Each structure stands twice: as structure tokens, then as C-alpha cells.
Amino acid sequence: DLELHLQRCQQLSVTVLTDHQDLSNTELKTITNSTAPQQYRIRAKLRTYKPQKLHQSVKLHCSKCNSLQEVPDRDDFDFILRGSAGAAPNPELHNASWYESVTWTTQDQKQREIAIHFVKHDEMLQHPEDTLLMIEGGTLKEIWKLTKRFKCVIPVRSTEDDLELLDLSAPFLLQGNVKYYGCKQCSTPKPVKNLSSIAAEQQPSWEPTEIAQVLGIELLQYVFIMNFTLVDETGALNAYLFDY
């Protein structure tokens, strides 16, 4: 557990970074006065680290514009879904040549209309574990139930003449327990019907990178980021960890 490890590091008088065993220890003052890039082995104390809570270290990164953003929380996604559930699915968009649609009305007080569009391959439905589906009007709870059974779930809404993705503040794709997001700045969302090109492949794999590409989405990657302040008797050094 990294968080526990970092707490222990703060309690110890000295922490040794054991990489570069072939190098002798270098004082932090020497490192800060040197030009990068160099390789050093240091002996230092961990003064502080950020963020304090480990889950806050996970961010979303766009490799195209190099932006970083917070991972939206569950409430943000739920709010967007509730907003899109207000509009009834357009029946004229049901049962296209490349997907088969099922609709029903919920028995709760709001009596929401839900539509699920199962993407076909060779005019046949695939096994659930190989299936991509699109859902209109579903709640967060209903979507998570679907992700446990089907390979990919894409939340959509109806327009007059096509299905479209929700606001990119929401994940454009869910696969298992992973939510995939697109960069608002770099994405140019294309019509959802472009997914039919993947369905026409010999063996559709429904890989997130391929789905993102045909939908005009610049895929954001989950990254792990931390800041450390290391000190010795000669000075301080800020260390920045960035990893996929």
C-alpha cells in the first residue's frame, strides 16, 4: 500500500532510494546546480508528499494537448444521465440495419422510457461477452448492471435523425469497471453510426482505442501523479512522478 509506505517513510529518519547502486551518493545541492538530464543516487529524507490521499493521484491526461484533468466522480455522471433521461427515445431510430433495439417503460414513479440498441455482426447478435450496446435513458445503476454482462456499453441520446454521444464530461464508453473519457478540447465527435464500420469487420474486437477513433474521440488516459519534497543537509529537491 503506497499511502502506508509513504507514511512510514515520513516516520523514518532517513530513506534511501536504492536505484543506481553503481553510483555514489550525490548531495541535493549538487543536483539542483546541475543541468538535466543526469542520473544520480541520493540519500535524503522525505519532507512532504502530495496529494495526501492516494486516490487523488489518479488524473486523466490528453497526449495531444498535454492537458490534465480530475477524474469525474460518480455524481457528475449520474447528473448527466438524469438530464438525458428526460427526453424519450426516438422510435424512428430503432432497429437500424446494424443494430437491434429493445424498449420498455420503467415501473417507477417517473415511468422512464429506456432503449437499448444491440450492435449486430453479420446481421446476427453476438454473444453478450462480445457485444457492444448503446443505451438511452438508463440510470447509473442500470448501466453498471449491463457492464457486468456485456463487453461494451455506450450511453447515447436521440436526435431527430441519429443517435449521439452524451456530453464528454460523461464517459463515452464503459467496459467492465473501467470508464473511458474523451478530451473535450481535442475531440470532434462523429455520428454514432460510424460504429457500423467496426461491426462489419471479420472479428469485431470493440477495443476502446478503435471505438474512440471512429467516433472522433481523443482518448484520455489514466495517469498516476505525485509530488515529493526530498531534503538533505545541503538543500531540498522537488520530485515529480508521472506514470501511466
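Student: In this predicted model, how far apart are the mean positions of the positive and negative charges of the protein chain?

Tutor: The protein chain carries 25 positive and 32 negative charges. Lys and Arg count as positive, Asp and Glu as negative. The mean positions of the two sets are separated by 8 Å.

Student: Is the protein chain a compact globule or more spread out, and what radius of gyration shows this?

Tutor: The chain has six helices and 14 strands. For 244 residues the globule rule gives 18 Å, and the radius of gyration is well over that, so the chain is more spread out than a compact globule. Along the principal axes, its C-alpha atoms fill a box of roughly 75 × 45 × 30 Å. The radius of gyration is 24 Å.

Student: Which percentage of the residues in the protein chain is buried?

Tutor: A residue is buried when its relative accessible area is under 20%. The protein chain has 244 residues, and the buried ones make up 42%.

Student: Is Thr106 buried or exposed?

Tutor: Thr106 sits in the loop between β5 (99–105) and β6 (113–121). The cut-off for a buried residue is under 20%. Thr106 has a relative accessibility of 9%, so it counts as buried.

Student: Which residue has its backbone nitrogen 2.8 Å from a polar atom of the Thr106 side chain?

Tutor: Leaving out residues up to four places away in sequence, Thr106 touches Gln111, Arg112, Ile114 and Glu142. A polar contact requires N or O atoms within 3.5 Å. The backbone nitrogen at 2.8 Å from the side chain of Thr106 belongs to Arg112.

Methods:
Residues numbered from 1 in each chain as written. Predicted model: local features only at pLDDT ≥ 70, side-chain atom pairs only at ≥ 80, totals over all residues. Heavy atoms only, no water. Helix = DSSP H or I, 4+ residues; strand = E, 2+ residues; numbered from the N terminus. Rg over C-alpha atoms; globule rule 2.2 N^0.38 Å. Buried < 20%, exposed > 50% of the residue type's maximum accessible area, 1.4 Å probe, protein only. Charge placed at Lys NZ, Arg CZ, Asp CG, Glu CD. Polar contact = N/O pair within 3.5 Å; in protein donor to acceptor, adjacent residues only side chain to side chain. Contact = heavy atoms within 4.5 Å.
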